[in-house]
Amino acid sequence: MTSSENSPLLENGGHSGHRNPSLFRRVINFMKGEDEPSWAESFKFFIFGTWFNILLIFIPLSFISHTLDWDAGLVFLFSFMAIVPLAKLLGEATDQLSVKLGETMSGLLNASFGNAVEIIVGVAALLNGQLRIVQTSMLGSILSNILLVLGCSFLAGGLYHTEGIFNGTGAQASASLMTLSCITLVIPAAYASTTNAGMQNYCGDVDDCPTAGLLFISRGTAILLLGVYCAYLWFQLKSHPKLFVSPTDVPNSGGTVETAATTGTEETEPRMGTAAAGIALLSVTVVIAFCAEYLVSSIEETAERYSIPKAFIGVVLLPIVGNAAEHVTSVWMAMKNKYELTITICVGSSIQIACLVVPLLVIVGWIVGQPLTLHFHNFETIVLFVSVFLVNLLIMDGKSNYMEGLMLLTLYLVIALAFWVA
């Protein structure tokens with residue numbers, strides 16, 4: 001059958017029997033969340049899903065204390081306590097949003113929002129010129145993840161299971177990248193301490209006016225670390241994903257083999273609609289930004305009035321707030337004998353801080369005119385180096401127990417004591 005010039009190219013006038021919904025209709029369907037929990041059910045779960053959210057009462061107290069110019073100690077305390085439940089809600093919203101978006105987008109979301117609190121606190125401190133708080137809080141986030149969180153996870157998991165097993169090859173690959181990032185902090189410190197160009201100082205504190213060479217090294221290294229982090233994501237998610245799966249094989253009833261990392265893994269139950277989870281994620285991020293701003297602005301006066309070392313606040317207190325969600329999740333996974341997820345949370349989060357957040361803050365400081373560098377004090381550089389060294393030793397064999405967790409916690413407490421008197 002031949003077609004004339006006047007005949008349509010498709011039958012039925014170019015329609016395939018049913019109209020594709022318009023963009024407006026698709027947006028309406030997405031917002032309604034068809035076959036998903038309603039908006040009321042979503043936010044009921046989000047706000048009233050756990051008794052832990054009773055700490056949300058500190059959010060209005062943080063706003064009121066800052067607005068009415070109350071004592072700096074109260075502003076710091078209320079803002080500190082407000083960020084703790086917000087960090088957990090941030091993790092919950094990310095988890096719910098990943099249910100519908102699949103594995104790839106889920107990984108991207110966790111990479112983007114997993115350390116959102118640290119990024120917000122860091123940017124707030126950077127814009128306020130608190131460069132030392134930026135550096136110590138980032139250092140503290142790394143130490144908190146690889147010593148405190150991983151130590152608590154190994155200890156708690158070891159009390160429930162004699163021995164935890166994870167893929168040592170993948171863990172070593174992650175730890176090696178952590179070692180590389182640690183070395184990139186040693187080089188600026190060595191440059192500033194041993195070379196003639198690095199030791200030239202035009203003011204009392206090298207942190208306030210670093211040399212041109214130190215800025216050049218830091219900014220160039222930041223760009224390179226961002227490239228390495230992108231390559232690491234590809235390595236972990238695409239080219240070598242098998243290295244990050246537990247090697248322990250467990251035969252199931254059908255005769256096939258499942259890995260210990262996937263056996264018994266609970267899928268996240270969809271308790272929120274996709275649109276509702278997205279709105280919740282953005283809302284929590286905005287509230288955290290305000291609370292972080294109040295927290296950072298009160299640090300200086302709080303440290304002076306109550307004789308709390310600023311280094312202790314940055315290295316110990318702020319990371320505990322920012323990593324609250326990771327703390328709970330990592331320990332819970334270790335107790336359920338899912339050590340592969342524990343390693344991913346602890347070491348992976350540290351890599352995000354060292355290879356993504358810190359370089360990103362250096363570049364942001366470059367843009368806004370704040371001379372943030374990768375030059376940490378010698379004491380801090382040594383502390384990070386020995387911490388990464390111990391973690392490398394303990395995860396080398398792909399096994400864990402409560403004694404290893406106790407070692408990590410002991411080193412973390414020793415470091416906390418050292419920063420209290422630093």
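Is Leu393 buried, partly exposed or exposed? I looked this up before anything else, and in this predicted model Leu393 comes out as partly exposed, because its relative accessible area is 45%.

**Entry: the patch around Leu393**

I placed Leu393 in helix α14, and I then asked which residues accompany it on the surface. Leu393 belongs to a nonpolar surface patch of about 660 Å², which is made by Val186, Ile382, Phe385, Val386, Phe389, Leu393 and Met396. I also looked up which element gives the most to this patch, and the answer is helix α14, residues 378-395, with 5 residues.

**Entry: the chain as a whole**

I noted the overall figures next, so that the later entries have a frame. The chain has 15 helices and 4 strands, and 48% of its 422 residues count as buried. It exposes about 21000 Å², of which carbon and sulfur atoms supply 66%. I also checked how contacts are spread along the sequence: among those between residues at least 6 apart, 81% join residues at least 24 apart.

**Entry: the nonpolar core**

I searched for the largest nonpolar core and found that it has 102 residues, with Leu143, Leu147, Ile343, Ile351, Leu384 and Leu408 having the most contacts inside it. The largest share of this core, 14 residues, comes from helix α13, which covers residues 339-368. I followed Ile351 further and, not counting residues up to four places away in sequence, I found that Ile351 touches Ser174, Leu177, Met178, Tyr229, Tyr232 and Leu356.

**Entry: Thr184**

I went on to Thr184, which I located in helix α7, residues 168-194. Thr184 is buried, because its relative accessible area is 12% and the cut-off for buried is under 20%. What does its side chain meet? A polar atom of the Thr184 side chain lies 2.4 Å from the backbone oxygen of Ser181. Leaving aside neighbours within four places in sequence, I recorded Thr221 and Leu225 as the residues in contact with Thr184.

**Entry: Leu86**

I turned to Leu86, whose place is in helix α4, and I found that Leu86 counts as buried, at 3% relative accessibility. Its C-alpha is 8.1 Å in space from that of Val287, although the two residues are 201 apart in sequence. With neighbours within four places in sequence left aside, Leu86 is in contact with Leu56, Ile59, Val284, Val287, Ile288 and Cys291.

**Entry: salt bridges**

How many salt bridges does a search of the whole structure find? I obtained 4, and I looked at several of them in turn. The background I kept in mind is that side chains of opposite charge can pair when their charged atoms come close.

I began with Asp71 and Arg305, whose side chains meet in a salt bridge with an N to O distance of 2.1 Å. Asp71 lies in the loop between α3 (58-67) and α4 (72-113) and Arg305 lies in helix α10 (residues 274-305), so this pair ties together parts that are 234 residues apart in sequence. Both partners were checked for accessibility: Asp71 is partly exposed at 23%, and Arg305 is partly exposed at 46%.

I then took Glu380 and Arg132, which form a salt bridge with their closest N and O atoms 2.4 Å apart. Since Glu380 lies in helix α14 and Arg132 in helix α6 (residues 131-160), the pair ties together parts that are 248 residues apart in sequence. I noted that Glu380 is buried, with a relative accessible area of 4%, whereas Arg132 is partly exposed, with a relative accessible area of 22%.

I also looked up Glu300 and Lys310, where the closest N and O atoms of the salt bridge are 3.0 Å apart. Here Glu300 lies in helix α10 and Lys310 in helix α11 (residues 310-322), so the pair ties together parts that are 10 residues apart in sequence. Glu300 counts as partly exposed at 31% relative accessibility, and Lys310 is partly exposed as well, with a relative accessible area of 29%.

My last check was on shared partners, and I found that salt bridges of this kind join Asp71, Glu301 and Arg305 into one network.

Notes
Residues are numbered from 1 along each chain as its sequence is written. This is a predicted model: local features need pLDDT of at least 70, side-chain atom pairs count only at pLDDT 80 or more; totals for chains, interfaces and linings use all residues. Side-chain values use heavy atoms; hydrogens and water are left out. Patches are made of residues with over 30% relative accessible area and no salt bridge: like charges are joined within 9 Å, nonpolar side chains (Val, Leu, Ile, Met, Phe, Trp, Tyr) within 5 Å. Accessible areas come from the Shrake-Rupley method with a 1.4 Å probe; for residues, only the protein chains shown count as cover. Helices (H or I, at least four residues) and strands (E, at least two) are DSSP runs, numbered from the N terminus. Buried means under 20% relative accessible area, exposed over 50%, partly exposed in between (1.4 Å probe, protein chains only). A polar contact is a pair of N or O atoms within 3.5 Å; within protein, one must be able to donate a hydrogen and the other to accept it, and residues adjacent in sequence count only if both atoms are side-chain atoms. Contact means heavy atoms within 4.5 Å. A nonpolar core is a set of buried Ala, Val, Leu, Ile, Met, Phe, Trp, Tyr and Cys residues joined through side-chain atoms within 4.5 Å.
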